[in-house]
Amino acid sequence: MSGEEEGGRLVPFPGGGAVEGDEGLLPALEALLFAAGAPVSARVLAAALEDVSSARVEAALERLRRRLTASSRALELVRVAGGWQLRTDPRFADAIVRLLGGTPQRLSQAALETLSVVAYRQPVTRTEVEALRGVGCGPVLRTLIDRGLVRVAGRKDEPGRPLQYATTDRFLEVFGLPDLDGLPTLREREEIDED
Amino acid sequence: MDPADAEDTAWTVHTEVFEGPLDLLLYLVRRDGIDLEQFPVSRIAEAYLEYLDRMRVLHLGVAAEYLVMAATLVWLKSLELFQRRPAVLDDEEEAEDPRRALARRLLELQRYREAAERLDAGVQLGREVFVREPGEVDVADRPVASPIDAFGLLDLYYELLEREPAADLVIEVGRRGPDVAGCCRGVLQWLHRRGGEGDLADLLASLPTRAQRVVTFLAVLEMARLQWVDLHQEAHLGPVGVTARVPAWVDLSPITGALQQEAG
């Protein structure tokens, strides 16, 4: 087994001969991410590899991401829901859908709208969502919860202690967002808020 | 479709389905190219009332909230006709003009609608991109011989209520019963005194009152849901073990936040 020197310690890493860039880490990380399926944080990946710092893993992931993009591979490495995830390139979407059979389930206009209110206003009560949309939202919220996109985040400290809703990590994963700050900013917010 | 065609034929199929009065208003605003910043109340009110008429002609049920909005619009229109500030504004300088308030609601909804469109336009998991199902390892060092079944839990629960008649037959008026959060703390402390794991039946049997057992049972389920404890069962209908996965001093706010109301 070849190793690499780091801080006077031998790091056992197959193929990790070149210190700069941690070349040996890349296939290891690719294997871990393939096996995991779900988004995994650099910290968790580092813990699985043992004796590798999160910072090194983070740098290697970024390198792997660029490499996958540059070499036009089947998979993309994406920062999503607080972690990293291997995903198929969107250009294969049609073929994959045909392969797996069936049409992807689309969210209705009402569901998408309710979801974006919850995403931008969380934690938010049902009454607050309904005031915004001007229509009852109970069944739509139920659907979003069933699909794992929205969760109950607690109760609001006001009379009746109504339930509050928030988005889930699954929401970030489905819409490919690294975190909630990754949501596109709402247009004209300042314009409406100023008066 | 143009709703004006509707009166002419009995066969017109009306396909616009509105999600409440705000949705209908937004539709009309867009259809007629109305500037929301200007908010010409009478024009909007007319378009809205005309649309409700069409819906009535078509024998579409008009829900109450549409009528409430119609009343509001007529009121706003009357204010404008009399060139008056609404009386509510005279009382309180701070209050917002109701016309402005309605325009604001529409703009606000419009913003979320656009956000929803942007969200939908992006790449979506299961639609444009695909991932592997998470891999699993056959874990040997965790005592999960068979996943615990709900009936096993239920049996255990009834058995406990049966086996040891509850001692608290005295009715205590005004006494608060055990709460889930308190029981969670109790369970975690009990587990950690035993090196982190114990038998669910022993745990419940150690409690003096039926109320405490019931709430503690719920506390265990709630903690299992939060993955604060693992439930495991070696054999079908065998004893159910509980293993703590968080320290005894864990912050209980996820439980107090969501559950204290029911338990209290």
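**Reading chain B: confidence, fold and contacts**

Modeller: Start at the tail of chain B: pLDDT stays under 50 over residues 259-264, for which the model has 12 contacts beyond four places in sequence. This is a predicted model.

Colleague: How should I read a stretch like that?

Modeller: Where pLDDT is low, the predicted coordinates should not be read in detail. Residues 1-15 of chain B also stay under 50, with 12 contacts beyond four places in sequence.

Colleague: What is the mean pLDDT of chain B?

Modeller: The mean is 75, and 70% of the residues of chain B reach 70 or more. Within chain B, confidence is lowest in helix α4 (residues 87-91), at a mean of 58. Confidence is highest in α5(B), at 89. For the model, ipTM is 0.79 and pTM is 0.62.

Colleague: Now the fold. How many helices and strands does chain B have?

Modeller: Count 10 helices and 3 strands in chain B. Along the sequence the pattern runs α-α-α-α-α-α-α-β-α-α-β-β-α. Of the 264 residues of chain B, 25% count as buried. Take contacts in chain B between residues at least 6 apart in sequence: 68% of them join residues at least 24 apart.

Colleague: How many residues of chain B are in contact with chain A?

Modeller: 35 residues of chain B are in contact with 37 residues of chain A. On the chain B side, α1 (20-31), α5 (98-121) and α10 (253-263) each supply at least two residues. The most come from α5(B), with 13 residues.

Colleague: And what is the chemistry of the side of chain B that touches chain A?

Modeller: That side divides into 15 nonpolar, 7 polar and 13 charged residues.

Key: Residues are numbered from 1 along each chain as its sequence is written. Chains are lettered from A and ligands numbered from 1 in the order in which they are written. This is a predicted model: local features need pLDDT of at least 70, side-chain atom pairs count only at pLDDT 80 or more; totals for chains, interfaces and linings use all residues. Two residues are in contact if their C-beta atoms, placed from the backbone, lie within 7 Å. Helices (H or I, at least four residues) and strands (E, at least two) are DSSP runs, numbered from the N terminus. Ala, Val, Leu, Ile, Met, Phe, Trp, Tyr, Cys and Pro count as nonpolar, Asp, Glu, Lys and Arg as charged, and the others, Gly among them, as polar. pLDDT is the predictor's confidence in each residue, from 0 to 100. A residue is buried if 20 or more other C-beta atoms lie within 10 Å of its own, exposed if 12 or fewer, and partly exposed in between; C-beta atoms are placed from the backbone.
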